[in-house]
Amino acid sequence: KTNLHEFALGTTNEESAFGPVRHPLDPNRSPGGSSGGSAASVLDGMAYASIGTDTGGSIRIPAAICGLVGLKPSLHEIPTQGVVPLSATMDHVGPICRSVEDAAILYNTLHGSSETLRPLENRALRVGVLRGYFTSLLDPQVGTAFEDACATLTKGGALLDEVHIPHSGDIAPIYVHIVLAEGAAFHAKTLDSRADDYTANVRLRLEMGRYILAEDYVRALRGRDGR
């Protein structure tokens with residue numbers, strides 16, 4: 001078992017029934033989340049690879065903070081059956097590993113195919129590079145590492161296309177409306193009968209979701225599609 005932020009509703013792993021997850025390199029720091037235990041287990045050598053869930057960054061955040069490779073697949077590529085939903089319309093399952101090669105192996109296993117991720121033959125790899133909202137606030141060191149990675153890909157023959165998402169500035173409010181509304185709906189019965197069993201901040205966030213109007217939820221779904 002690996003620890004995680006309660007019901008995956010958070011990014012720090014401080015709120016869990018089993019206590020906070022600690023970063024293997026510095027126990028005073030967070031490994032990120034919500035799949036922090038998955039990332040910590042790989043970084044600390046307890047596992048060759050692990051599985052995380054990602055709704056708003058919960059694979060990618062701990063993978064980045066722990067210096068690992070985290071892959072959020074496209075929606076529905078990996079089944080989410082058996083996963084307690086945070087957002088039924090945005091939840092993903094994917095690998096957290098030490099290398100891209102390991103991530104490809106685990107992804108293919110989860111996907112049930114040996115040919116889904118493989119080296120491209122006779123054609124260049126095409127990579128979309130997000131700009132604007134996604135890079136404007138990067139720490140200088142992170143920004144330099146990002147540009148170096150882009151240069152390495154280009155040198156290796158990859159085709160890089162800069163991508164701009166016009167409504168990217170609305171991502172945060174759209175995400176919050178969808179996740180809290182769907183989370184509150186899933187947890188409604190236990191919020192009514194066992195509210196004290198939730199950690200305080202998680203319970204507060206779920207209770208907030210009950211006050212999101214249906215029209216605001218529908219508007220958020222449209223906004224996610226850029227409409």
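Student: Before we start, what is a disulfide here?
Tutor: A disulfide is a pair of cysteine sulfur atoms within 2.5 Å, and please keep in mind that we are looking at a predicted model.

Student: OK, so how many disulfides does the structure hold?
Tutor: The structure holds 0 disulfides.

Student: Why is there no bond for Cys97?
Tutor: The closest cysteine sulfur to that of Cys97 belongs to Cys66, and because the two sulfurs are 13 Å apart, they are too far from each other for a bond.

Student: And is Cys97 buried or exposed? What about Cys150?
Tutor: Cys97 counts as buried because its relative accessibility is 0%, and Cys150 counts as buried as well, with a relative accessibility of 9%; the cut-off for buried is under 20%.

Student: Which strand covers residues 92–97, and how many of its residues are buried?
Tutor: That is strand β3, where 6 of the 6 residues are buried, so the strand is largely enclosed by the rest of the structure.

Student: What does β3 pair with?
Tutor: Strand β1, which spans residues 49–54, pairs with β3 in the antiparallel sense over 6 bridges, and strand β2, made of residues 69–70, also pairs with β3 in the antiparallel sense, over 2 bridges.

Student: Which residues stand opposite each other there?
Tutor: On the β1 side, Asp54 stands opposite His92 of β3, and Thr53 has Val93 of β3 as its bridge partner. On the β2 side, Gly70 stands opposite Ile96 of β3.

Student: Back to β1, which residues are on its covered face?
Tutor: The covered face of β1 has Ser50, Gly52 and Asp54, whereas Ala49, Ile51 and Thr53 make up the uncovered one.

Student: Why do the side chains alternate like that?
Tutor: In a regular strand, side chains alternate between the two faces of the sheet.

Student: New topic: what is the volume of the second largest pocket, and which residues lie nearest its centre?
Tutor: The second largest pocket has a volume of about 470 Å³, and 21 residues line it, with Leu4, Ala8, Thr53, Val83 and Val84 lying nearest its centre. Thr53 is also on the uncovered face of β1.

Student: Which element gives the largest share of that lining?
Tutor: The largest share of the lining of the second largest pocket comes from β1, which supplies 4 residues.

Student: And how do the lining residues divide?
Tutor: The lining of the second largest pocket has 9 nonpolar, 9 polar and 3 charged residues.

Definitions and conventions
Residues are numbered from 1 along each chain as its sequence is written. This is a predicted model: local features need pLDDT of at least 70, side-chain atom pairs count only at pLDDT 80 or more; totals for chains, interfaces and linings use all residues. Side-chain values use heavy atoms; hydrogens and water are left out. Buried means under 20% relative accessible area, exposed over 50%, partly exposed in between (1.4 Å probe, protein chains only). Two strands pair if DSSP finds at least two bridges between them. On a 1 Å grid over the protein atoms alone, a cavity is a set of points where a 1.4 Å probe fits but cannot get out, and a pocket is an open set with protein on both sides within 12 Å along at least five of seven lines; lining residues have an atom within 4 Å of a point. Grid points are joined across faces, edges and corners, and a volume is the space filled by probe spheres set on the points. Ala, Val, Leu, Ile, Met, Phe, Trp, Tyr, Cys and Pro count as nonpolar, Asp, Glu, Lys and Arg as charged, and the others, Gly among them, as polar.
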